[in-house]
Amino acid sequence: MNERNFIQAFHDHDRGNQFTPEALGYIFDYLEQMARDNGLPYELDVIALCCAISELNVEEVVRDYILDQDEEYIANDWSMDDARAFLDEHTRIIGETPDGNIVFFQF
């Protein structure tokens with residue numbers, strides 16, 4: 001499978017807007033590398049990937065993963081480095097898009 005077919009599969013499953021094109025490229029590269037490392041091909045499951053992977057900006061990472069809902073929400077105090085460090089402790093980061101989103105496995 002090439003990257004173009006990979007991206008088209010997301011559109012075919014009405015998930016074309018789930019990730020930015022850059023994020024889809026990172027996910028494709030990650031899966032290809034895992035397949036090479038394991039020596040096993042992967043079977044593309046668009047829905048499973050959409051459930052397992054997120055693409056969020058720093059504010060969304062802070063809101064969804066760092067702060068409890070009863071705490072005051074002050075995302076401006078968190079930098080990209082802070083969000084990245086937090087995610088590195090809890091999950092695997094796949095990539096960061098040029099517009100400031102982090103692509104990672106949900107936890």
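Aspartate 14 has its place in the loop between α1 and α2, and that loop is where these exercises start. The model is a predicted one, in which local features need pLDDT of at least 70, side-chain atom pairs count only at pLDDT 80 or more, and totals for chains, interfaces and linings use all residues. Residues are numbered from 1 along each chain as its sequence is written, and side-chain values use heavy atoms, with hydrogens and water left out.

**Exercise A: a loop and two of its residues**

Work out whether aspartate 14 is buried or exposed, and what its phi angle is.

Solution. Start with accessibility: aspartate 14 counts as exposed because its relative accessibility is 73%. (Buried means under 20% relative accessible area, exposed over 50%, and partly exposed in between, with a 1.4 Å probe and protein chains only.) Next comes the backbone: aspartate 14 isn't a glycine, yet its phi is positive, at about 55 degrees.

Now look at histidine 13: where is it found, and which backbone oxygen lies 2.8 Å from a polar atom of its side chain?

Solution. Histidine 13 is found in the loop between α1 (3-12) and α2 (21-38). (Helices are DSSP runs of H or I with at least four residues, strands are runs of E with at least two, and both are numbered from the N terminus.) With 43% relative accessibility, histidine 13 counts as partly exposed. The oxygen belongs to alanine 9: its backbone oxygen is 2.8 Å from a polar atom of the histidine 13 side chain. (A polar contact is a pair of N or O atoms within 3.5 Å; within protein, one must be able to donate a hydrogen and the other to accept it, and residues adjacent in sequence count only if both atoms are side-chain atoms.) For a longer view, pick threonine 97, which is 84 residues from histidine 13 along the chain; their C-alpha atoms are separated by 23 Å.

**Exercise B: aromatic rings**

Find out how many aromatic pairs the structure holds.

Solution. The count is 7 aromatic pairs. (Rings of Phe, Tyr and Trp, using the six-membered ring of Trp, pair if their centres lie within 6.5 Å; planes under 30 degrees apart are stacked, over 60 edge-to-face, and the rest tilted.) One of them, tyrosine 65 with phenylalanine 104, is edge-to-face, with 5.5 Å from centre to centre and 80 degrees between the planes. Tyrosine 65 comes from helix α4 (residues 58-66) and phenylalanine 104 from strand β3 (residues 101-105), so this pair ties together parts that are 39 residues apart in sequence. Check the accessibility too: tyrosine 65 counts as buried at 19%, and phenylalanine 104 counts as buried at 0%. Elsewhere, Phe6, Phe10, Phe19 and Phe28 make up one aromatic cluster.

**Exercise C: asparagine 101 and its company**

Say which side chain is joined to that of asparagine 101 by a polar contact of 3.2 Å.

Solution. Begin with the setting: asparagine 101 lies in strand β3 and counts as buried at 13% relative accessibility. The partner is glutamate 55, whose side chain makes the 3.2 Å polar contact with the side chain of asparagine 101. Asparagine 57 joins in as well, since its backbone nitrogen is 3.5 Å from a polar atom of the asparagine 101 side chain. Setting aside neighbours within four places in sequence, asparagine 101 is in contact with Thr20, Glu55, Leu56, Asn57, Gly95 and Glu96. (Contact means heavy atoms within 4.5 Å.)

Try methionine 80 next: which residues does it touch, not counting those up to four places away in sequence?

Solution. Methionine 80 is in helix α5 (residues 80-90), and it counts as partly exposed because its relative accessibility is 22%. The residues touched by methionine 80 are Val58, Glu96, Gly100 and Ile102.

**Exercise D: the whole chain**

Describe the protein's overall make-up: how many helices and strands does it have?

Solution. There are 5 helices and 3 strands, and along the sequence they follow the pattern α-α-α-β-α-α-β-β. The C-alpha atoms fill a box of roughly 45 × 30 × 25 Å, taken along the principal axes. Of the 107 residues, 36% count as buried. Lastly, count charges: there are 6 positive and 24 negative side chains, and the centres of the two sets are 8 Å apart. (Lys and Arg count as positive, Asp and Glu as negative, while His and the chain ends aren't counted; each charge is placed at NZ of Lys, CZ of Arg, CG of Asp or CD of Glu.)
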